[in-house]
Amino acid sequence: MNSNGKHLHFFAIFSDAVSTLWSIIVPLGFGFFWGVRHLDDLFGYVIIIPVIILVFNFFKWLRFKYEFVDDQFHIRSGVLVRNDRYIRIQRIQSVQIKTNLLLRLLGVVQLKFDTADPAFKGDIVLSALKREEAEHIKAQVSRGKTQQVQFLSKEALAETPIVDESPKKVYALSGKRLLAASLLSSKIGVMLAAVFGLWSQADDLVPKSIRGRSLSYIEHASLVGIIVLIGFAILLLWLFSLVTALFRWGGFKFSIYDGEWRIHRGIVETSDETYKKDRVQAIRIKEQWLLQLFGWCTVYADCSGSIDLEKSDGGSVLVFPLLRKKELPTFLEHAIPRFSGPITFNHLPVRGSVYRMILPVVFWTSFVSVLAWRLSWGKYAFIALPVIFIFFWFSYRSEGYSLQNNRLIFINRFFAKTTTITRKNHIQSFAKKNSRLQRRLDLASCSVTIRAASGKTFTVRQLEEQDARALFQWFRTK
């Protein structure tokens, strides 16, 4: 039941060196590089630091070995401090194979284990392997999890009887749906964050003359000019996010097996991910306003254990990027039956919506008052007050909750409508809160926390006090 100790692919030296350099360079930010005025004095350091990192990673690669020992996966690593880590095969929740353009050119992939440990503690990454070796390890792990047999060599593994592992159902993202998902689900917010990050370094990145003319134009621009400028900027950000979405979701395929999901996605950087169904703690159906307008939705899953946060949305697994609402019941029935069923909800009381309207109306009124005091055109922003009122009113009126046997459904909305489905046995804690004013209005708020990778908490606010008590009592009873 043993195998010989093996090294990673030799390219792991350079891959880890690039990762180390990246982890050093990114925190320093743009300001460090543009603040350096005497590069000649640092030339020696610029040359020697990458060399030292390469040498260190060479010894790191030399000391890193992995092997199968009985029913465990053994990793030996460490240059100055020797580490021996044993992972029981049964504790490995999933094996993920990833690649990007550079790895693909070199014919290697990255292999990642997710164990049942909490996030950031259960990830094991083999940074560079031949694809054949990665597939072999994945097959060995899968075989070790399903039956207690001896770990075999590649040749012996190929000669063993082949068990039918065909998926029960496959959902593929067609070309039309990929284009629609990219058009309707662009993440402008992420692009805006990147723009603000660059703007914070404008003192070093942009010449003073150009920066001065730009600020002067903005200060003296008319209201129409400001609106046109903002619209043009949003259009550019949306087009850029459209392209990134096409690359991120290209080739998306969701395969359903007896006890697990397998997700393949990506064009330039591909990823094959596996998730055990019993790890799923909640299902989230997200409808951005454009998606809801055309009857589409995006399905996420919140899972326990470790999650690849680079490939997730805030610690949630993207199950399928674009699905018609009428297809959702059948999809959930095939994908994870324990969360399937009708999605109905009880609206929140009207007085609860009125209570929640106070904060945004007061904030906007105060903001516009300051704007009108500082800028000549600021008073026109008062025109948006009825729009703000209507937006928040209909947003709050579309929220609600539902309790169906052991399924708890929370519906929240800000810009996007999010329907969260969880079960009683997945809830770690339940909190009922109400302030003095809420008690006078007979209102309360309820929050549930599930055991997910990033500690998810879902809240429904301003529901009837008696309904909050009923939900709290439901959770307390066995």
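Two exercises on a predicted model follow, each with a worked solution. Residues are numbered from 1 along each chain as its sequence is written, and side-chain values use heavy atoms, without hydrogens and water. In this predicted model local features need pLDDT of at least 70 and side-chain atom pairs count only at pLDDT 80 or more, while totals for chains, interfaces and linings use all residues.

**Exercise 1. Helix α13**

Compare the expected span of α13 with the distance between its end C-alpha atoms, then locate its kink and its cover.

Solution.
1. Helices are DSSP runs of H or I with at least four residues, numbered from the N terminus; α13 covers residues 350-374.
2. The expected span is 1.5 Å times one less than the number of residues, so the 25 residues of α13 should span 36 Å.
3. The end C-alpha atoms of α13 are 37 Å apart, which agrees.
4. The bend is the angle between axes fitted to the seven residues ending at a residue and the seven starting there; a kink of about 30° lies at M357, shortly before P360.
5. Both M357 and P360 are buried (under 20% relative accessible area, 1.4 Å probe, protein chains only).
6. Cover over the buried residues of α13 includes α14 (384-397), β19 (443-450) and β20 (457-464).

**Exercise 2. Residue F10**

Place F10 in the chain, classify its exposure and list its contacts.

Solution.
1. F10 lies in the segment before α1 (12-35).
2. Partly exposed means between the buried limit and the exposed one, over 50%; F10 falls in this class because its relative accessibility is 43%.
3. Leaving out residues up to four places away in sequence, F10 touches F58 and W61 (contact: heavy atoms within 4.5 Å).
4. From F10 to A128 the C-alpha distance is 7.8 Å, at 118 residues apart in sequence.

Key. Helices (H or I, at least four residues) and strands (E, at least two) are DSSP runs, numbered from the N terminus.
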